[in-house]
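I opened a fresh notebook page for this one. Come and look over my shoulder while I go through it.

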Amino acid sequence: MKPRFREACHAPATLGPERGRPIAPAPISSIRRFRIDPRHITLLYYFCSHIDTKMSHTYPANFEEKTGFDRIREMLLAFCQSPLGEKEVRRIRFDTAHGRIGCLLQQAEEFRQIILAGEAFPGANYYDPSEVFAHLAPAGTFAEPEVLLDLKLSLEAIISVMAFLARTSEDGSLKYPWLARHTGDLEIDTSLPAKINALIDEHGMVRSSASPALAEIRKTRQDLEKKALQRINNILNDGKAQGWIKKDVELALRNGRQVIPVAVAYKRKVRGFIHDHSSTGQTAFLEPEEVFELNNRVRELDVAERQEIIRLLKAFADVLRPLIPDLQKGYGMLGHMDAIRAKATLALEMDGMMPQLKDQPQIDWVNARHPLLTLSYKRQKKHVEPLTIRLDQESRILVISGPNAGGKSVCLKTCGLVQYMLQCGLLVPMENHSEAGIFHSLFIDIGDEQSLENDLSTYSSHLLNMKHLLENGDERTLFLIDEFGAGTEPRIGGAIAEAILEKVHAKRAMGVVTTHYANLKLMAGKHEGMINGSMLFDSKRMKPLYKLKTGVPGSSFAFEIARSIGLPMAILEKAGTLAGDQDLDFDIQLQDLEVKKAELEAKERQLHHADDFLAELIDKYEKHRDALQQRKDEILLEARREAKRILEGTNRMIENTIREIKEAQAERDKTREARRQLEEFAEGQAAELAKMPPVHPQKKGKKKKRQVMPEAEVDPTPIGVGDTVKVKGQETPGEVAAITGKKAMVVFGSVQLRTALDELVKLKKSSAGAVGVSRSSSRSSFDINARAAAFKPDIDLRSARVDEALKQLQTHVDDACLLGVPQIRILHGKGDGVLRPAIRNFLKEIPHVSRLRDEHPDRGGAGITVVDFGK
């Protein structure tokens with residue numbers, strides 16, 4: 001038995017678009033005549049053992065049109081290169097089997113890699129022979145030569161694809177194992193193209209060498225045609241010479257025969273048959289009698305040639321007919337390859353990736369983008385704001401609020417289209433480390449479903465949709481509802497929406513809803529498993545930011561938008577009075593909450609950068625300290641060795657001097673000479689000591705001069721905002737920017753530090769100023785803002801040698817980490833391939849680097865390395 005996974009991978013394409021419909025029972029008589037194929041039993045066993053207890057579906061019936069998948073399908077059809085691929089694209093359907101979806105995604109990803117690598121995948125002559133095979137099914141039938149020529153070229157394409165997918169890597173494994181699943185079971189007679197080539201030439205004609213009889217017929221016919229042409233030319237020339245045929249007359253063709261144009265008055269000059277007259281009736285088109293007989297024999301040979309050709313074609317059809325079932329599988333493989341190539345091409349157009357697929361209902365997408373919006377904005381060179389969203393068992397329902405035209409509906413449609421594409425086996429535009437789950441049913445309620453034929457209002461259609469959701473939704477349902485509760489009286493609509501949402505929440509379904517109703521925002525904050533989300537809005541410029549922020553509800557900014565477009569203040573004041581203080585206060589609190597949250601996030605980013613900066617300074621200080629300590633130990637060791645050598649020499653000199661004095665018995669001249677030699681030796685040793693570097697900074701007269709830091713005077717009064725302080729155990733002064741409870745924010749130059757008040761020492765202004773001046777003059781200043789302004793994420797290393805490039809790259813990576821830059825691009829070119837691996841190996845040793853990859857082929861491909869930094 002074949003592996004289940006392989007059967008799962010091929011099953012959807014085998015069944016086609018009609019799968020899932022009930023099959024009518026066959027008559028008994030037909031069952032008796034039915035021949036059972038073991039492969040059918042295997043496939044039937046697989047589906048009987050894998051049928052879901054609850055039928056998977058999408059709602060409503062026009063789900064693809066509502067989400068925009070119909071336009072995705074049209075793009076896939078345009079990328080196909082054959083009717084075979086188009087047929088497979090039309091069969092794409094929503095699937096729920098983890099194995100099949102994973103197989104389809106892996107195959108699309110492998111083909112995307114083939115395109116990125118620039119490999120020449122066989123892509124021509126994808127011919128659809130389904131009509132030909134149906135015609136050849138009855139015995140005694142045959143295919144025309146030009147059809148066999150197309151068949152030969154397409155068979156060569158099948159064999160080329162099989163050879164391409166059979167290639168292996170260095171370790172002996174298949175290079176593209178998922179695509180190779182389509183060719184593993186194929187049994188194609190590789191001699192067929194050669195057999196067709198022996199029968200048909202490159203122009204679609206049966207070769208004369210196909211049989212001796214055909215060769216003899218064609219040779220005889222050629223001789224007769226040559227003889228007939230020679231005889232009719234002789235008659236034509238004789239007529240011109242005798243004057244009954246004009247000098248400028250040439251042979252003509254009538255009824256497939258060559259004739260001589262003769263004036264009617266001279267038509268009896270030669271015996272023959274008249275095939276036609278001119279429009280004026282003055283010229284007769286005559287075929288001479290002896291030529292007529294030759295041409296008749298040629299026609300007889302034409303019939304014989306056609307009969308021989310048919311005999312040969314029937315004989316080849318008899319050889320081909322038993323192979324048709326295997327050939328159909330091969331052409332089915334071509335259709336799959338064409339459709340998969342279309343998927344990969346579309347993925348490259350929209351930057352589609354393969355996320356991590358999970359066999360459970362969940363959404364954990366990072367930087368997901370609406371596919372159609374991405375393609376449209378890419379052509380316009382505009383930026384699409386990505387969507388990062390998470391739905392799991394702890395946060396099953398997301399309630400999104402925010403201003404009109406702020407992106408709520410786009411967020412909803414992105415979730416619907418991306419999830420549907422994913423479960424159809426298409427790569428989707430999001431980060432490849434995203435996690436995507438599988439849902440058994442998708443439900444969407446968006447847009448106006450008003451129906452005049454069914455007498456349904458907009459709100460009635462929404463309620464019918466909600467009724468379907470309540471009846472059919474379960475824990476593996478993903479529902480997407482836009483403007484939940486809208487379309488009727490707000491308080492009643494909001495109450496009904498809250499009751500429906502509570503019931504759906506109890507069924508543990510997952511979903512995203514958008515709303516402006518305050519009761520739904522409050523409900524999301526109270527129920528476990530429900531969270532609020534908001535579309536961010538720039539209240540200063542009065543423009544939406546199209547960014548989703550989870551955790552807090554959003555304000556509608558209705559009054560602010562109305563004020564920005566110039567609605568009269570009297571109208572706004574009246575509207576505020578009618579709305580009531582409670583609703584206005586809730587909206588104002590939401591706005592204040594958004595502003596405060598933005599401020600906190602900005603401060604958090606600032607503190608993060610400051611922490612990175614301080615960590616870098618500490619690391620560099622410790623490295624310098626260790627280096628200085630090591631150098632100090634080396635100098636001291638060398639000094640001790642030199643001092644020991646000098647001491648030993650001095651002792652020997654003194655001993656020699658004493659011995660000479662004793663031997664001379666204290667003669668004055670000898671003593672004086674010994675003393676002089678001792679003094680010269682001492683001066684020489686002193687000179688050597690003078691040449692040595694200072695051994696210890698504490699030695700008097702030998703230490704390096706440095707600026708003396710004045711001691712700052714401590715101020716015993718309580719610390720307040722604006723005071724100059726220092727951290728205990730440190731000397732650098734800073735200024736207190738803010739005090740919150742028992743903690744203070746202290747600014748040291750461009751760095752901010754939050755610490756406890758009891759860790760600070762207050763300094764007097766005068767002494768603190770002197771310390772600050774001394775310290776600022778004794779060390780180089782560091783301006784993080786200036787460095788951030790000058791930093792560029794792209795670096796060009798193409799003209800540098802490897803050692804120079806790595807040195808420049810080290811500095812660039814240090815600055816990127818210091819400034820908190822999430823991504824840089826390194827332009828190293830392709831060249832002879834020396835610089836790229838050196839840079840890649842260097843970056844792999846840096847712990848801050850989380851990911852390396854080649855740039856998109858349209859933006860440089862393998863000549864540019866994109867580096868992502870982790871937090």
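Below are my entries, from the whole chain down to single residues.

**Entry 1: ground rules**

I am working with a predicted model, in which local features need pLDDT of at least 70, side-chain atom pairs count only at pLDDT 80 or more, and totals for chains, interfaces and linings use all residues. I number residues from 1 along each chain as its sequence is written, and side-chain values use heavy atoms, with hydrogens and water left out.

**Entry 2: the whole chain**

I looked up the secondary structure and found 27 helices and 24 strands. These are DSSP runs numbered from the N terminus, H or I of at least four residues for helices and E of at least two for strands. The chain has 871 residues, and 40% of them count as buried. Buried means under 20% relative accessible area, exposed means over 50%, and partly exposed is in between, with a 1.4 Å probe and protein chains only.

I also checked the surface: about 49,600 Å² is accessible, and 53% of that belongs to carbon and sulfur atoms. The areas come from the Shrake-Rupley method with a 1.4 Å probe, and for residues only the protein chains shown count as cover. Next I took contacts between residues at least 6 apart in sequence, and 70% of these join residues at least 24 apart. A contact here means heavy atoms within 4.5 Å.

**Entry 3: the cores**

Which residues have the most contacts inside the largest nonpolar core? They are Phe 69, Ile 72, Trp 365, Ile 389 and Val 512, in a core of 54 residues. Such a core is a set of buried Ala, Val, Leu, Ile, Met, Phe, Trp, Tyr and Cys residues joined through side-chain atoms within 4.5 Å. Helix α16 (residues 408–423) gives the most to this core, with eight residues. Apart from this core lies another, of 44 residues, and I noted Val 132, Leu 136, Leu 148 and Leu 165 among them.

I then stayed with Phe 69. Leaving out residues up to four places away in sequence, Phe 69 touches Glu 64, Ile 92, Leu 417, Tyr 420, Met 421, Cys 424 and Leu 426.

**Entry 4: rings**

I counted nine aromatic pairs. Rings of Phe, Tyr and Trp (its six-membered ring) pair if their centres lie within 6.5 Å; planes under 30 degrees apart are stacked, over 60 edge-to-face, and the rest tilted. Phe 69 and Tyr 420 make an edge-to-face pair, 4.9 Å centre to centre with 75 degrees between the planes. Phe 69 lies in helix α5 (residues 69–79) and Tyr 420 in helix α16, so this pair ties together parts that are 351 residues apart in sequence. Both rings' residues, Phe 69 and Tyr 420, are buried.

Tyr 420 also forms a stacked pair with Phe 94, at 5.6 Å centre to centre and 5 degrees between the planes. Phe 94 sits in the loop between α6 (83–90) and α7 (98–117), 326 residues from Tyr 420. Phe 63, Phe 69, Phe 94 and Tyr 420 form one aromatic cluster.

I looked for charges over rings too, meaning NZ of Lys or CZ of Arg within 6 Å of the ring centre and within 35 degrees of the ring normal. The charged end of Arg 254 sits over the ring of Phe 285, 4.0 Å from its centre. Lys 382 lies over the face of Tyr 377, 5.5 Å from the ring centre.

**Entry 5: a sheet**

I traced an open sheet of four strands in the order β6-β10-β7-β8, with mixed pairing. Strands pair if DSSP finds at least two bridges between them. β6 (356–357) and β8 (387–391) stand at the edges with a single partner strand each, so one side of each has no neighbour in the sheet. Four bridges join β7 to β8, which run antiparallel, and Ala 368 stands opposite Leu 387 in β8.

Which side chains of β8 are buried? Leu 387, Ile 389 and Leu 391 point to one face and are buried, while Thr 388 and Arg 390 point to the other and are not.

**Entry 6: backbone oddities**

Most residues other than glycine have a negative phi, and most peptide bonds are trans. The bond from Tyr 59 to Pro 60 is cis, with omega near 5 degrees. Pro 60 lies in the loop between β1 (57–59) and α4 (63–67). Asn 125 has a positive phi, near 60 degrees, and counts as partly exposed at 41% relative accessibility.
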